[in-house]
Amino acid sequence: MNLEISTGALGVRKLDFSDSMKRGTYQVYAESTPMFFTKYMDSSDKIRMAPKSMDDIKNLKKVIGSFKYQSFAKAYFTNGQWTSPKAIGSDLEILPMTDLTNVHANDMVRFKVKFKGKAVTSNSKRMRYLMCSSNTFGGPDGYKLASMMMSGNAQFRIPTSGQWVVNIYYDEDVDQNKDLKSLKGKCTKVYTAASIFFNVKP
């Protein structure tokens, strides 16, 4: 890829593009290790908790609650012109529909959100929101911008310059989602988080 990372005395990292490096948008991606947690009653009728899936507990008598948690994060940089980034294929994924390398204060930014490849949307049973916060607006006071998910789409008008993060926390009952059939017997609920980081210019 011919991308060099230069280090600095203060822990600074700088990306240097070579002339032969392909033009377009690059993604920096990270995901956490999936974590299971189960609260249960054991064979002696004692309430216990364990960082395990249901099927990994030997003396389980009754499940009180069991979940799987995993988080995903992305950031973008461009060499030359912005190009629409492709989906990575993580369980929960936020896709920018706006050039995130050239956002200014008061610009509108748009996103698509998918869970297991399907659009995340609000309905009469559950409202889904994409959240947006910054150290220059809302973050220090503990509040965020919120945009209701409709057919996988959400948008924000960014009020200030600075570092911004867009995130969503998504929960789903295993028994009510056929895409989660591989988790039946392991947990009763799935909690998944996804985020995108970007900078906003004045």
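## Pockets, salt bridges and a surface patch

Glu 172 is buried, having a relative accessible area of 12%. The structure is a predicted model, and Glu 172 is a useful residue to begin with. Its side chain meets that of Arg 128 in a salt bridge, with N and O 3.6 Å apart. The two residues come from distant parts of the chain: Glu 172 belongs to strand β14, while Arg 128 sits in the loop between β10 and β11 (129–134), 44 residues apart. Arg 128 is buried too, because its relative accessible area of 9% falls under the 20% limit for that class.

### Salt bridges

Side chains of opposite charge can pair when their charged atoms come close. In the whole structure, eleven salt bridges are found. Three of them are set out here.

| Pair | Closest N and O atoms |
|---|---|
| Lys 61 and Asp 45 | 2.6 Å |
| Arg 128 and Glu 172 | 3.6 Å |
| Asp 173 and Lys 189 | 2.7 Å |

Asp 173 lies in strand β14 and Lys 189 in strand β15, so their salt bridge ties together parts that are 16 residues apart in sequence. Asp 173 is partly exposed, at a relative accessible area of 21%. Through shared partners, salt bridges join Arg 126, Arg 128, Asp 171, Glu 172, Asp 173 and Lys 189 into one network.

The salt bridge of Lys 61 with Asp 45 has its closest N and O atoms 2.6 Å apart. Lys 61 is in strand β6 and Asp 45 is in the loop between β4 (35–42) and β5 (47–50), so this pair ties together parts 16 residues apart in sequence. Lys 61 counts as exposed at 52% relative accessibility, and Asp 45 counts as partly exposed at 44%.

### Pockets

The largest pocket has a volume of about 370 Å³. It is lined by 16 residues, and the closest to its centre are Asn 123, Arg 126, Arg 128, Tyr 170 and Glu 172. The salt-bridged pair Arg 128 and Glu 172 is therefore among the residues closest to the centre of this pocket, and both Arg 128 and Glu 172 are buried. Strands β10 (118–119) and β14 (162–173) each supply at least two residues of the lining. The largest share, three residues, comes from β14. Which classes of residue make up the lining of the largest pocket? There are eight charged, four polar and four nonpolar residues.

The second largest pocket holds about 320 Å³ of space. Its lining has 14 residues, and those nearest its centre are Tyr 76, Leu 100, Phe 197, Phe 198 and Asn 199. At least two lining residues come from each of β6 (60–79), β14 and β15 (189–201). By class, the lining of the second largest pocket divides into eight nonpolar, five polar and one charged.

### A nonpolar patch on the surface

Met 127, Tyr 129, Met 148 and Met 150 make a nonpolar surface patch of about 370 Å². Met 148 is found in strand β12 (residues 145–148). Is Met 148 buried or partly exposed? Met 148 is partly exposed, with a relative accessible area of 34%. That value fits its place in the patch, because patch residues need over 30% relative accessible area.

Definitions and conventions
Residues are numbered from 1 along each chain as its sequence is written. This is a predicted model: local features need pLDDT of at least 70, side-chain atom pairs count only at pLDDT 80 or more; totals for chains, interfaces and linings use all residues. Side-chain values use heavy atoms; hydrogens and water are left out. Patches are made of residues with over 30% relative accessible area and no salt bridge: like charges are joined within 9 Å, nonpolar side chains (Val, Leu, Ile, Met, Phe, Trp, Tyr) within 5 Å. Accessible areas come from the Shrake-Rupley method with a 1.4 Å probe; for residues, only the protein chains shown count as cover. A salt bridge is a side-chain nitrogen of Lys or Arg within 4 Å of a carboxyl oxygen of Asp or Glu. Helices (H or I, at least four residues) and strands (E, at least two) are DSSP runs, numbered from the N terminus. Buried means under 20% relative accessible area, exposed over 50%, partly exposed in between (1.4 Å probe, protein chains only). On a 1 Å grid over the protein atoms alone, a cavity is a set of points where a 1.4 Å probe fits but cannot get out, and a pocket is an open set with protein on both sides within 12 Å along at least five of seven lines; lining residues have an atom within 4 Å of a point. Grid points are joined across faces, edges and corners, and a volume is the space filled by probe spheres set on the points. Ala, Val, Leu, Ile, Met, Phe, Trp, Tyr, Cys and Pro count as nonpolar, Asp, Glu, Lys and Arg as charged, and the others, Gly among them, as polar.
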